[in-house]
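Student: I am new to this structure and would be grateful for a close look at a single part of it. Please choose one strand, describe its surroundings with care, and then place it within the whole.

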Amino acid sequence: FGLVVTSLFVQCKREYLPPELSVDYNYLVIEGTIINSMVSPTTILLSRTRKLTDTVLNIPETNASLSIESNNGQVYSMSEIEAGKYFAPPVMLNTAEMYRLNIVTSGGKKYLSDFVEVKKTPSIDSLNYIQPGDVTIFVNSHDPGNETRYYRWEYIETFQYHAQGQTDISVNNGLMYFLDSTNQIYNCWHINSSTDIFIASTAALNQDVVYRFPLVTIPQHAPKIGIRYSIEVRQYAISQEAYQYYQILKKNTEQQGSIFDVQPSQLKSNIHSLDDPSEIVIGYVTASDISIKRLFISRSDLVDWQPVVLDGLCDMVIIGVNPSNYLIYTYPDPAYVPWYFTGSGGILVVTKKACVDCREQGGTNQKPSYW
């Protein structure tokens with residue numbers, strides 16, 4: 001009898017898949033700020049929401065027509081430079097006018113944002129870090145006129161790393177050739193953009209001062225600062241309405257999902273569908289100056305920082321070279337590449353590509369201009 005009860009209990013267990021997992025809302029998502037600057041362009045990202053079960057990280061909205069419009073009829077066209085990424089050259093806007101974003105998708109759907117004023121952004125006072133173990137990077141700013149009150153930040157971080165092994169040889173069309181400083185594959189740079197929402201309000205303070213607002217925490221010994229690390233921070237002034245939008249979005253997207261979290265709230269966008277006023281659109285268009293500041297941190301600047309080093313992972317195979325032409329490369333396994341010549345030049349050592357090509361870790365071997 002006990003065995004029968006156990007069998008029935010096991011058979012009654014079923015996987016529960018909430019219907020929300022497979023719902024495809026396909027909402028339009030708009031990200032970006034209309035930038036008032038002679039040096040910084042405006043970049044707007046368009047994408048679509050995805051199902052919770054989707055494995056793709058991003059569904060770009062491509063081939064749309066975008067333009068920035070003033071309330072006096074001035075129009076600045078935008079062009080698509082990557083899938084879902086739209087660009088307008090740097091321009092000084094008239095701060096006495098208001099601006100909005102006009103979007104027409106490839107399917108003919110039309111969207112307009114509300115007109116917004118061009119906010120004046122104060123300069124970033126400083127970027128600093130503290131290191132009680134981990135490294136925490138924070139921003140300081142203030143508005144002496146006490147008019148900003150609402151701030152938003154984004155950042156782009158870059159860090160240098162190198163391959164485990166170093167080679168001066170590569171292969172093209174079955175022939176080995178020697179690398180130089182222009183095409184080396186030992187040193188690489190990895191570039192990441194912020195994905196979290198960073199906002200702050202000084203509305204409750206007597207002075208419009210942001211002090212030590214934390215942006216990034218890098219765990220002690222992390223390889224991000226194995227050689228050298230850089231962060232470029234971009235600061236925007238935003239309206240109270242935009243701050244409230246980002247505050248709700250932050251709670252809805254970054255909460256941990258525990259029973260103590262604040263329940264998700266309805267977002268109030270300032271972007272609307274002209275074809276269907278009831279359609280939900282995600283995003284909030286703002287316009288402002290931009291303040292940019294960069295910070296560099298080298299490993300030698302830190303205390304007790306020993307990044308993890310991957311030792312002993314480079315497989316080694318010794319082969320002979322072609323006697324008619326030692327540059328001919330015929331090793332059959334495409335996962336292996338030349339490492340170095342040894343002995344009198346008649347012996348070649350090959351290893352896995354990931355060991356000697358830093359690009360295999362996702363970075364680029366082209367040194368950034370600011371490095």
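Tutor: Let us take strand β11 and begin with one of its pairings: β11 and strand β17, which spans residues 209-218, run antiparallel to each other and are joined by seven bridges. Within this pairing, H142 of β11 stands opposite V209 of β17. Please keep in mind throughout that the model is a predicted one.

Strand β11 also pairs with strand β10, which covers residues 124-130; six bridges connect the two, and they too are antiparallel. Two pairs of residues show how β10 and β11 are aligned. Y129 has I137 of β11 as its bridge partner, and N128 is matched in β11 with F138. The connection between β10 and β11 is a hairpin, with four residues between the two strands.

How enclosed is β11 by the rest of the structure? Seven of its eight residues are buried, and β11 is therefore largely enclosed by the rest of the structure.

One residue of the strand deserves a closer view. S141 belongs to β11, which comprises residues 135-142. Its relative accessibility is 1%, and because buried means under 20%, S141 counts as buried. The side chain of S141 forms a polar contact of 3.0 Å with the side chain of Q235. If residues up to four places away in sequence are set aside, S141 touches P122, S123, I124, D125, Y151, D208, V209, V210 and Q235. Of these neighbours, V209 has already appeared as the residue opposite H142, and Q235 as the partner of S141 in the polar contact.

Residues elsewhere in the model offer a contrast in exposure. F178 lies in strand β14, which runs over residues 175-178. With a relative accessibility of 46%, F178 counts as partly exposed, whereas S141, at 1%, counts as buried. Apart from neighbours within four places in sequence, F178 is in contact with D168, I169, Y326, L327 and F341. The C-alpha atoms of F178 and T167 are 9.0 Å apart in space, while the two residues are 11 apart in sequence.

Another partly exposed residue is Y340, with a relative accessibility of 31%. Y340 is found in strand β24, residues 336-342. Together with M316, I318 and I347, Y340 makes a nonpolar surface patch of about 370 Å².

Finally, the strand may be set within the whole protein. The protein contains three helices and 25 strands. It has 371 residues, of which 40% count as buried. Among contacts between residues at least 6 apart in sequence, 69% join residues that are at least 24 apart. The accessible surface amounts to about 21,200 Å², and carbon and sulfur atoms account for 52% of that surface.

Key. Residues numbered from 1 in each chain as written. Predicted model: local features only at pLDDT ≥ 70, side-chain atom pairs only at ≥ 80, totals over all residues. Heavy atoms only, no water. Patch = residues over 30% accessible without salt bridge, like charges linked within 9 Å, V, L, I, M, F, W, Y side chains within 5 Å. Areas by Shrake-Rupley, 256 points an atom, 1.4 Å probe, with all protein chains shown as cover. Salt bridge = Lys/Arg side-chain N within 4 Å of Asp/Glu carboxyl O. Buried < 20%, exposed > 50% of the residue type's maximum accessible area, 1.4 Å probe, protein only. Polar contact = N/O pair within 3.5 Å; in protein donor to acceptor, adjacent residues only side chain to side chain. Contact = heavy atoms within 4.5 Å. Pairing = 2+ DSSP bridges.
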